[in-house]
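This report goes through the structure shown below, from the packing of its helices to single residues.

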Amino acid sequence: MELDKVISTRFSVRSYTNQKVERSLILEILEAARLAPSAVNFQPWHFIVITDHENLEDLHEVYQRAWFREAPACLVICSDHSKSWKRKSDGKDFADVDVAIAIDHLVLKATDLGIGSCWICNFDVPLARKKLKLPDEIEPLAIISIGYTTAGPPLKSRKSLKEMVHWEKFGTH
Ligand SMILES: Cc1cc2nc3c(=O)[nH]c(=O)nc-3n(C[C@H](O)[C@H](O)[C@H](O)COP(=O)(O)O)c2cc1C
């Protein structure tokens with residue numbers, strides 16, 4: 001698919017068929033994340049792939065939505081705060097920025113392969129940490145549900161460019 005088409009047809013998929021996502025396609029999706037840029041190329045991320053029925057059932061407890069139960073696979077995307085770049089001038093930790101870029105890569109790759117996905121951040125993080133046995137420095141930043149869908153992209157509701165673009169100085173539209 002053309003990049004413009006991938007970007008415009010990606011949408012948050014909240015309804016899935018029961019068709020499984022082939023392991024080879026999951027690996028292609030993860031490869032797109034692996035190639036993402038990161039600050040100082042530190043690549044401070046881990047991807048936990050969940051496809052086993054029992055493990056998916058268990059994971060549903062951290063985000064109890066009927067549609068989430070339909071997803072045949074989930075990727076729990078983690079920031080590794082022990083490996084990320086911290087800016088000297090103010091100590092800012094770039095782990096989440098890096099991980100968000102990797103997630104965008106994988107979500108766009110999934111779209112290109114005809115696979116739907118949805119970012120999920122509104123989940124019970126302490127419970128997820130416990131279930132996945134995460135060490136302290138590893139933060140589960142997002143769960144990405146993936147699977148096939150019969151739903152089509154809704155009309156995109158977005159602010160206009162004029163509202164967000166400033167020319168030369170803030171406030172000059
Ligand atoms: C950081 C982030 C967190 C999100 N968390 C959730 C979530 O917990 N549950 C959910 O249903 N959608 C979640 N979404 C999806 C957004 O609601 C969705 O991207 C937005 O409404 C735009 O719709 P679209 O993705 O269909 O273009 C999240 C998206 C992002 C980028």
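Which residues in H2 meet which residues in H5? On the H2 side they are Glu-28, Ile-29, Leu-30, Ala-32 and Ala-33, and on the H5 side Ala-102, Ile-103, His-105, Leu-106, Lys-109 and Ala-110. By class, the residues of this contact are 8 nonpolar, 1 polar and 2 charged. The axes of H2 and H5 come within 7 Å of each other and cross at roughly 145°. The crossing of H2 past H5 is right-handed. The model is a predicted one, and the values here are computed from it.

**The nonpolar core**

The largest nonpolar core has 33 residues, and those touching the most other members are Cys-74, Ile-77, Val-99, Ile-103, Leu-106, Ile-144 and Ile-146. At least two residues of this core come from each of helix H2 (23-34), strand E2 (73-80), helix H5 (95-112) and strand E4 (138-147). H5 gives the largest share, 7 residues. Ile-103 and Leu-106 also take part in the contact of H5 with H2.

Ile-77 can be followed through its contacts. Leaving out residues up to four places away in sequence, Ile-77 touches Trp-45, Phe-47, Val-99, Ile-103, Leu-141, Ala-142 and Ile-144.

Leu-141, one of these partners of Ile-77, is found in strand E4. Leu-141 counts as buried because 20 other C-beta atoms lie within 10 Å. Beyond its neighbours within four places in sequence, Leu-141 is in contact with Ile-77, Cys-78, Ser-79, Asp-96 and Val-99. Val-99 is thus listed for Ile-77 and again for Leu-141. Leu-141 and Ala-33 are 108 residues apart in sequence, with 14 Å between their C-alpha atoms.

**The ligand surroundings**

The residues around the ligand are Phe-11, Ser-12, Cys-118, Trp-119, Ile-120, Cys-121, Asn-122 and Lys-156. This shell consists of 5 nonpolar, 2 polar and 1 charged residues.

One residue of the shell, Cys-118, is also touched by Arg-14, whose other contact beyond four places in sequence is Trp-67. Arg-14 sits in the loop between helix H1 (3-9) and H2. Is Arg-14 buried, partly exposed or exposed? With 17 other C-beta atoms within 10 Å, Arg-14 is partly exposed. Arg-14 and Asp-93 are 79 residues apart along the chain, and their C-alpha atoms are separated by 31 Å.

Trp-67 lies in helix H4, residues 66-70. Trp-67 counts as exposed because it has 12 C-beta neighbours inside 10 Å. Outside its sequence neighbourhood of four places, Trp-67 touches Arg-14 and Ser-15. The C-alpha atoms of Trp-67 and Asn-55, 12 residues apart in sequence, are 16 Å apart in space.

**Positive phi and the loop at Trp-85**

Val-40 has a positive phi of about 55° although it is not a glycine. Val-40 is found in the loop between H2 and strand E1 (45-50). Only 11 other C-beta atoms lie within 10 Å of Val-40, so it is exposed.

Glu-168, likewise not a glycine, has a positive phi of about 70°. Glu-168 belongs to the segment after helix H7 (161-164). Glu-168 is exposed, as 5 other C-beta atoms lie within 10 Å.

What does Trp-85 touch, not counting residues up to four places away in sequence? The contacts of Trp-85 are Ala-39, Val-40, Phe-42 and Phe-94. Val-40 among them is the residue with the positive phi of about 55°. Trp-85 itself lies in the loop between E2 and H5. Trp-85 counts as partly exposed, with 17 C-beta neighbours inside 10 Å. Between the C-alpha atoms of Trp-85 and Lys-162, 77 residues apart along the chain, the separation is 33 Å.

The residue pairs named in the text are set out here by sequence and space.

| Pair | Separation in sequence | C-alpha separation |
|---|---|---|
| Arg-14 and Asp-93 | 79 residues | 31 Å |
| Trp-67 and Asn-55 | 12 residues | 16 Å |
| Trp-85 and Lys-162 | 77 residues | 33 Å |
| Leu-141 and Ala-33 | 108 residues | 14 Å |

Technical notes: Residues are numbered from 1 along each chain as its sequence is written. This is a predicted model: local features need pLDDT of at least 70, side-chain atom pairs count only at pLDDT 80 or more; totals for chains, interfaces and linings use all residues. A residue is near a molecule or strand if its C-beta atom, placed from the backbone, lies within 6 Å of it. Ala, Val, Leu, Ile, Met, Phe, Trp, Tyr, Cys and Pro count as nonpolar, Asp, Glu, Lys and Arg as charged, and the others, Gly among them, as polar. A nonpolar core is a set of buried Ala, Val, Leu, Ile, Met, Phe, Trp, Tyr and Cys residues joined through C-beta atoms within 7 Å. Helices (H or I, at least four residues) and strands (E, at least two) are DSSP runs, numbered from the N terminus. Two residues are in contact if their C-beta atoms, placed from the backbone, lie within 7 Å. Axes are lines fitted to C-alpha atoms, for helices over the stretch in contact, and angles run from 0 to 180 degrees between N-to-C directions. A crossing is left-handed if the near helix is turned anticlockwise from the far one by less than a right angle, and right-handed if clockwise.
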